[in-house]
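I opened the notebook to keep a record of what I looked up in one structure, entry by entry. My interest was in how helices are packed and which residues face outward.

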Amino acid sequence: MLKALFVINPSSGRQNFLETIEKIVSRLIMEQTVNHIDVVYTRKQDDARNAVLNLQKGEYDFVTAIGGDGTINEVISGIADGGSEIPIAIISAGTVNDFANYLNLPATVNEFCEMIKNFRLKKIDVGSINGKIFMNVVAGGIATDIGYNVSKEMKAIFGKAAYYVEGIKEIPKQLFRPFKLRIESEQFTGSDEYLLFLVMNSQSVGGYKQAAPLASVSDGELDVLLLKKVELVQVTELIIKILRGDHINHPAVQYFQTKHIRIIPEDDSGISIDYDGEYYGTLPADIEVLEGKINVIIPQSHNIVEE
């Protein structure tokens with residue numbers, strides 16, 4: 001039987017999810033899949049990371065990260081930096097859950113318990129920004145600050161709609177505030193005015209499942225999307241293309257895959273960086289992929305396109 005650590009963010013967006021966790025724990029114990037579960041509740045930033053950072057190899061058979069993308073990021077970064085190589089299971093309890101949705105991870109008690117029983121592992125890449133690990137996306141520019149500007153209360157009450165309301169308010173203001181960046185990578189180097197940059201590990205960002213249609217969490221590369229300054233009349237067309245996953249062919253979009261990229265500001269706009277839904281700081285950024293850094297537990301019947 002298995003020994004597990006559950007790292008739980010009790011203030012994540014979805015209501016009543018703790019009842020689901022109790023059912024999962026009871027079933028894992030009753031079915032003798034797991035015989036020992038330790039629990040850590042997070043209260044502030046970095047609690048989840050610190051809970052796993054100093055774990056030793058074999059101390060647990062797996063760690064379950066329970067919360068939104070920020071909590072899951074902390075657990076992944078703690079395991080990666082700590083070097084324990086302990087497999088990670090994920091239970092999404094946040095509002096958007098890009099990473100878990102992309103991996104098609106289970107959302108029900110039965111499916112999660114069956115996944116643990118089968119214990120199928122997948123090695124995945126993570127990214128590193130200025131030496132700090134992220135699991136899904138680093139972003140800056142138009143609408144990328146919405147995730148950490150929406151209050152927890154708004155997320156809990158309105159769910160994804162809270163992001164849309166904030167977006168409706170902020171996007172028109174930001175459309176006419178481009179910033180000048182220098183991009184340095186093997187695939188592309190140059191300077192231009194941009195409205196947005198995204199550096200992605202998976203295809204799903206901000207609830208858009210095809211934000212990076214060529215991305216894979218196990219290809220040893222990060223996907224970069226750069227949005228140049230566009231006219232207001234082009235915005236509707238671009239949004240439609242994003243929903244279809246066809247935006248990478250738009251003339252205002254640069255899209256490429258790389259192992260390493262540097263993003264350097266060439267003006268004084270002080271561009272903030274979103275880091276898996278949390279505020280990171282400001283540019284410059286030195287970003288690279290770390291191949292096969294994490295073991296994630298996935299369903300036995302899992303069928304990602306990339307496999």
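The entries below go through two helices, one isoleucine and a surface patch.

Entry on the source. I note before anything else that this is a predicted model, and I read every value below as computed from it.

Entry on α1, its length. I checked helix α1, residues 17-30, against the rise of 1.5 Å a residue: its 14 residues should span 20 Å, and since I find the end C-alpha atoms 20 Å apart, the expected and computed spans agree.

Entry on α1, its sides. I then asked which residues of α1 are buried, and the list I obtained is F17, I21, I24 and L28. These buried residues cover an arc of only 60° around the axis, which puts them on the same side of α1. The spacing fits the general rule that an α-helix has 3.6 residues a turn, so residues three or four places apart point the same way. On the face turned away from the buried side I found the exposed residues E22, K23 and M30. When I looked up what covers the buried residues of α1, the elements included the strands β1 (2-8), β2 (34-41), β3 (62-67) and β4 (88-92), together with α5 (109-118). I also looked past the end of the helix, where α1 is followed by Q32, a residue with a positive phi near 60°.

Entry on α5. Because α5 is among the elements covering α1, I turned to its own buried residues, which are V109, F112, C113, M115 and I116. Seen down the axis of α5, they fall within an arc of 155°, so I record them as lining one face of the helix. After α5 comes F119, whose phi is likewise positive, near 50°.

Entry on I72. I located I72 in helix α3, residues 69-82, and asked whether I72 is buried or exposed. Its relative accessibility is 0%, and because buried means under 20%, I72 counts as buried. Leaving aside neighbours within four places in sequence, I list its contacts as A65, G67, I90, S92 and M135. I also took the separation of I72 from I91, which is 19 residues in sequence and 8.7 Å in space, C-alpha to C-alpha.

Entry on the surface. I looked up a nonpolar patch and found that L18, V39 and Y41 form one, with about 240 Å² of accessible area together. Of these I followed V39, which lies in strand β2 and is partly exposed, with a relative accessible area of 41%.

How values were computed:
Residues numbered from 1 in each chain as written. Predicted model: local features only at pLDDT ≥ 70, side-chain atom pairs only at ≥ 80, totals over all residues. Heavy atoms only, no water. Helix = DSSP H or I, 4+ residues; strand = E, 2+ residues; numbered from the N terminus. Expected span 1.5 Å × (residues − 1). Buried < 20%, exposed > 50% of the residue type's maximum accessible area, 1.4 Å probe, protein only. Arc of directions from axis to C-beta. Contact = heavy atoms within 4.5 Å. Patch = residues over 30% accessible without salt bridge, like charges linked within 9 Å, V, L, I, M, F, W, Y side chains within 5 Å. Areas by Shrake-Rupley, 256 points an atom, 1.4 Å probe, with all protein chains shown as cover. Salt bridge = Lys/Arg side-chain N within 4 Å of Asp/Glu carboxyl O.
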